[in-house]
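Hi there,

Here is the structure I promised to pass on to you. Have a look at it first, and then read on for what turned up.

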Amino acid sequence: MEEILQTLPPQEEQPAAPAKKRKSGKEVGRKILRGIFPAVAWTLVALWCLVFLLLIFWAFINSLKSYINFYEDPLFFPKSGAGYGWNFSNYEMAFSALKILREGEYITAPRMLLNSLLYAGGSGFVSIVTACLASYILAKYSYLKWVRGLWAIVLVTNYLPISSSLAANIKLLSDLGMYDSLLGVIFWQSGAFGYMFLIYYATWKSVSWNYAEAAFIDGAGHFRTMLLIMWPMTRTIFAVLFIQQFITLWNDYMTPIIYLPSYPNLSYGAYQFQFSVADVNIATPPIQIAGLLMLAVPVFVLFMVFRNKLMGSLTLGGLKG
Amino acid sequence: MEQFAEEVKAVPAAETGGGEEPSAPRKKKRMLATTKKAHIFCICVLAFMLVQWCIFFVYGNMNSILLAFQHYDPDTDSQIFYPAKDMFANFGSFLSQLFSSERPLGRYFLNGMVYHLTGLVCLPISLIFAFIIYKKMPAAGFMKVVLFVPSIISAMVIALLFKTFVTQGLQGFWTNVLGKPYSEFTSPLADDDSVFLTLILYQFFFGLPGSLLINIGSMSRTPEELVEYGRLEGFSYFQEFVHLTLPLMFPVLQIYCLGMFTGFFTAQGPLYAIYGDGQSGTYLPESAVSFGYYMMVSVISDKSISGMAADYMYGLTSAANLLIGLVSIPIVYGTKMLFDRFDPEADF
């Protein structure tokens with residue numbers, strides 16, 4: 001017995017054994033935790049993607065069904081036979097049926113497309129230009145006292161949770177003769193000191209003023225320096241913000257509904273389509289779904305073309321160049 | 001030319017406050033010349049934006065405040081001021097409706113807050129989603145695109161697809177798969193008992209990706225050396241997420257939360273996209289109505305949910321908007337102070 005005891009480690013080292021055991025238990029637990037978090041999180045993301053893709057897939061196959069087929073079976077693939085099958089013509093019908101009656105005149109899909117382009121392109125471009133210019137001044141000419149003061153006002157107004165009411169906006173635009181006017185609404189939306197301003201401001205802050213100094217030495221004025229030297233360095237950001245704004249405005253249906261009733265865009269048209277009861281043979285769910293998917297196609301294509309730029313550039317502190 | 005070169009030198013000197021110090025009178029002369037040009041340039045560039053801002057922000061807000069003290073006069077077809085003794089009539093009317101047990105406004109208010117709080121619940125999960133993409137786990141590139149799609153497709157398209165699925169799709173499941181009679185099916189979006197929960201689930205599900213790009217962008221700014229250091233210390237993904245990623249994202253989280261509290265009382269939920277103004281043949285159960293939706297529809301749609309012509313609602317909704325704004329100020333600034341107090345002051 002004594003021999004056995006002698007082989008044991010000294011007394012003070014004895015507690016090490018259970019501690020080691022506990023440590024290994026902890027390690028196992030930590031290993032499990034190490035694996036559980038990413039596994040559960042990844043599964044959640046994968047499940048979300050699966051459910052979302054299933055919804056889109058469900059919408060796609062149902063957009064190709066006949067009216068009867070949809071009501072008989074709104075879950076699975078189109079059946080074959082007379083009155084069933086894959087109705088690709090639903091998309092064509094959706095495009096031709098997409099119209100809004102406004103003061104006795106039908107506004108059709110091509111005109112809505114034009115309105116969409118004018119609204120999203122015009123308002124998007126003007127608002128990014130104003131944000132770019134205002135942020136340039138506030139970021140680069142902060143040595144002027146009033147510019148610094150303006151910056152403080154911009155910060156305060158961005159944090160203040162007060163905004164004019166919807167009723168006041170409608171009244172204001174009506175009083176100014178800008179209600180139901182495309183140019184008026186573009187002017188109204190061209191505010192320079194919002195979200196894009198803050199992003200562009202951070203971008204200008206990261207661009208060195210040394211380039212401008214060099215341009216001044218070479219004889220350039222303030223305007224030329226801004227336009228030919230400084231702005232080209234932020235072209236990518238300008239494009240990314242413009243595309244983002246274009247997509248947002250393309251999808252916007254509330255502004256045309258509230259402020260531009262005579263200039264319905266495609267989003268407005270697709271939105272109204274669900275309430276259309278003018279022709280029950282056309283305003284069927286498969287054709288409505290086809291109309292909705294059709295509306296999403298242009299922005300999806302735009303996104304896929306520019307996805308690397310769009311998805312690789314944005315951070316809240318600014319944009320990578 | 002020489003004068004111009006001197007002027008140019010003065011610009012950075014003025015901006016940085018540094019540079020070689022010339023003698024005082026000469027400096028003053030040069031500064032005046034350059035700053036004058038700079039002033040003119042800045043005013044020219046900002047003129048359009050300042051005019052726009054003065055009209056739509058300053059005058060727009062003033063107009064909104066004034067409207068809160070006015071009411072519609074059908075004789076003159078305009079908004080006129082209340083007499084002095086009834087100056088606060090709109091505020092009184094709004095508050096009495098809000099706290100009256102006979103009027104539904106209080107419930108609408110609570111509904112809106114629940115819709116909005118769903119976003120707060122989504123926030124931590126959306127950060128975990130972004131973390132999975134940021135760590136480039138399997139299929140992260142594909143999942144990134146899928147998660148981003150709801151941000152580029154119109155919210156209206158998504159809402160209507162959801163509506164069609166929940167109405168017609170589930171009906172098909174009910175009759176074709178479960179074999180139950182068609183007449184017994186009620187869409188969860190038309191049923192008073194289930195509509196609110198259905199809309200909350202919708203908000204929750206589509207709120208999960210969150211601001212994916214901003215989150216990934218912020219996470220990718222975490223210095224690689226720090227991540228390496230954590231790895232050498234034996235950090236798990238969870239520990240890295242909690243101890244490295246989140247503290248470094250603190251300013252972004254602060255902005256999110258401030259944004260959330262700004263719209264706390266006026267959240268609409270997805271009601272307008274799904275139900276429209278509730279007049280065009282769609283049935284909107286009252287148990288789902290939010291205050292933001294009520295306010296909006298009252299103003300843009302005649303005799304809608306409020307039962308009054310839009311013009312009559314301008315004063316009341318403006319008063320409500322003003323009161324909500326005033327109540328929001330201490331909440332927003334209180335939240336900001338709270339965040340500043342607990343800021344881990346981690347820096348990139």
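In chain A, residues 24 or more positions apart account for 67% of the contacts with a separation of 6 or more. Please keep in mind throughout that this is a predicted model. For chain B, the share of such contacts that comes from residues 24 or more positions apart is 65%.

Some overall figures for each chain may help you find your way. Chain A has 321 residues, and buried ones make up 37% of them. Its secondary structure comes to 16 helices and four strands. Chain B has 348 residues, of which 36% count as buried, and it holds 14 helices and two strands.

Now to where the chains meet. On the chain B side 78 residues are in contact with 75 residues of chain A. Helix α2 of chain B (residues 24–67) gives the most to that side, with 19 residues. Sorted by class, the side of chain B that touches chain A has 48 nonpolar, 26 polar and four charged residues.

One residue to click on here is Leu166(A), which sits in helix α7 (residues 166–175) of chain A. Is Leu166(A) buried or exposed? Leu166(A) has 22 other C-beta atoms within 10 Å, and 20 or more is the cut-off, so Leu166(A) counts as buried. If you leave aside its neighbours within four places in sequence, Leu166(A) is in contact with Met296(B), Val299(B) and Thr317(B). As for Ser123(A), 43 residues away along the chain, its C-alpha atom is separated from that of Leu166(A) by 19 Å.

Val207(A) is another one to look up. You will find Val207(A) in the loop between α9 (195–206) and α10 (210–217) of chain A. With 19 other C-beta atoms within 10 Å, Val207(A) is partly exposed, because buried would take 20 or more. Apart from neighbours within four places in sequence, the contacts of Val207(A) are with Met230(A), Met233(A) and Thr234(A). Val207(A) and Ala139(A) are 68 residues apart along the chain, and their C-alpha atoms are separated by 9.9 Å.

Two helices of chain A are also worth a look. In α4(A), residues 89–97, the buried residues include Asn90(A), Ala94(A) and Ala97(A). Viewed down the helix axis, the buried residues of α4(A) fall within an arc of 75°, so they line one face of the helix. On the face turned away from that buried side, α4(A) carries the exposed residues Ser89(A) and Ser96(A).

The other is α12(A), with 17 residues (235–251). At 1.5 Å a residue this helix should span 24 Å, and its end C-alpha atoms are 24 Å apart, which agrees. Among the buried residues of α12(A) are Ile237(A), Val240(A), Leu241(A), Phe246(A) and Trp250(A), along with Gln244(A), Gln245(A) and Asn251(A).

Over in chain B, strands β1 (residues 70–73) and β2 (residues 78–81) run antiparallel and are joined by four bridges. Within this pairing, His71(B) has Ile80(B) as its bridge partner in β2(B). The hairpin has four residues between the strands, and Asp77(B) takes a positive phi near 50° there. Most residues other than glycine have a negative phi. Asp77(B) is not a glycine, yet its phi is positive. Asp77(B) has 8 other C-beta atoms within 10 Å and is exposed, because 12 or fewer is the cut-off for that.

There is a second positive phi to show you in chain B. Ala139(B) has a phi of about 65° although it is not a glycine, and its place is the loop between α4 and α5 of chain B. Ala139(B) is partly exposed, with 15 other C-beta atoms within 10 Å.

The helices on either side of that loop pack together. Helices α4(B), residues 105–134, and α5(B), residues 140–152, have axes 9 Å apart and an angle of about 140° between them. Phe129(B), Ile132(B) and Ile133(B) make the contact from α4(B), while Ala140(B), Met143(B), Lys144(B) and Leu147(B) do so from α5(B). By class, this contact has six nonpolar, no polar and one charged residues.

Happy browsing, and best wishes!

Definitions and conventions:
Residues numbered from 1 in each chain as written. Chains lettered and ligands numbered in written order. Predicted model: local features only at pLDDT ≥ 70, side-chain atom pairs only at ≥ 80, totals over all residues. Contact = placed C-beta atoms within 7 Å. Nonpolar A, V, L, I, M, F, W, Y, C, P; charged D, E, K, R; others polar. Arc of directions from axis to C-beta. Pairing = 2+ DSSP bridges. Axes fitted to C-alpha atoms, helices over the stretch in contact; angles between N-to-C directions. Expected span 1.5 Å × (residues − 1).
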